[in-house]
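Hello,

Here is the structure I promised to pass on to you. Please have a look at it first, and then read my notes below.

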Amino acid sequence: MTSHLVTPGIILRETETKEADKILTVLTRDLGKIAVIARGARRKGCRFAASAQLLAYSELTLYKSKDWYFLNEGATIELFPGLRRDLELLALGSYFAELTEAVTGEELPSPEILSLLLNALYALDRLHKPQLLVKGAFELRLMALSGYEPLAEGCVYCGKGEPEEAMIDIRQGVVHCRACGERGMGLSLPLSPSTLAAVRHALYGDAKHLYSFTLNKESMEQFAQVSEAFSAAQLERDFRTLSFYKSIKA
């Protein structure tokens, strides 16, 4: 008798295979990131088709055969319809999913990361938070949860709590005074006082209020630039979905 496991999970990636099947990359609450075969998911009338699409958050009924998980049933919890009606938002959500896939390990439960992704999508879909604000805060918090947290409490060289002409070294992952950073060997970007405050909020603030802050246009653009550059430098890779998002924005 085949035993079934029921767990909530969100689809990070879907790949079409064979005639009507999909292979899904799913971040689940109980199993972490897993690959799931959804047989017949592309057939008209498939009972779990909605649960087998990108960014669908569902209660999934799975069974395992040899080394593969198979999707038996799916009951949608949240489909984020606002994202699906807006190509820009859908592209940004897809980038969040690709970035999440890059930092999560196979079958390693990551409930904080799952919660972070769901809250980011909710902030775009329901709260209509500014895209760059959500993007920057998500990137930095995800890096922190994945073991890449930068040291942002003060200047890493002289110890000042409020660095003079603050900068962040995106390779070394440290904040420093402009003058102090001359002894470093990395690549540093400037941080206005409000941007530094936003970086600290994204790293150390209450997860429930991660997107509860505001920035003026200049600081928000700087915050987004710093967060994206830091993530790319730490992971040493580009993201196809990010390039697509930028092409739409342009």
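What follows covers strand pairing, the cysteines and the salt bridges. Please keep in mind that this is a predicted model.

**Strands**

Let me begin with strand S4 (residues 57–65), which pairs with strand S1 (residues 4–17) in the antiparallel sense over seven bridges. In that pairing, leucine 60 of S4 has threonine 7 opposite. S4 also pairs with strand S5 (residues 68–78), again in the antiparallel sense, over nine bridges. Here glutamate 59 faces alanine 75 of S5. The S4–S5 hairpin has two residues between its strands, and lysine 66 there takes a positive phi near 55°.

**Cysteines**

You may wonder how many disulfides a search of the whole structure finds. The count is zero. Cysteine 155 has its closest cysteine sulfur in cysteine 158, 3.7 Å away, and because a disulfide needs the sulfurs within 2.5 Å, that is too far for a bond. Cysteine 180 is in no disulfide either, with the sulfur of cysteine 155 as its nearest, at 3.8 Å. Cysteine 155 is buried, at 4% relative accessibility, and cysteine 180 is buried too, at 11%.

**Salt bridges**

There are 16 salt bridges in the structure, and three of them are worth a look on your screen.

- Lysine 135 pairs with glutamate 228, with 2.7 Å between the closest N and O atoms. Lysine 135 belongs to helix H4 (residues 131–145) and glutamate 228 to helix H6 (residues 217–235), so this salt bridge ties together parts 93 residues apart in sequence. Both ends are buried: lysine 135 has a relative accessible area of 2%, and glutamate 228 one of 18%.
- Lysine 160 and glutamate 164 meet at 2.4 Å, N to O. Lysine 160 is partly exposed at 36% relative accessible area, as is glutamate 164 at 48%.
- Glutamate 162 and arginine 200 meet at 3.0 Å, N to O. This pair links distant parts of the chain, 38 residues apart: glutamate 162 sits in the loop between H4 and strand S6 (167–169), and arginine 200 in helix H5 (residues 193–204). Glutamate 162 is exposed, with a relative accessible area of 55%, whereas arginine 200 is buried at 17%.

One last item concerns a network: Lys135, Glu139, Glu228 and Lys246 are joined into one by salt bridges that share partners.

Happy viewing, and best wishes

Conventions
Residues numbered from 1 in each chain as written. Predicted model: local features only at pLDDT ≥ 70, side-chain atom pairs only at ≥ 80, totals over all residues. Heavy atoms only, no water. Pairing = 2+ DSSP bridges. Helix = DSSP H or I, 4+ residues; strand = E, 2+ residues; numbered from the N terminus. Buried < 20%, exposed > 50% of the residue type's maximum accessible area, 1.4 Å probe, protein only. Salt bridge = Lys/Arg side-chain N within 4 Å of Asp/Glu carboxyl O.
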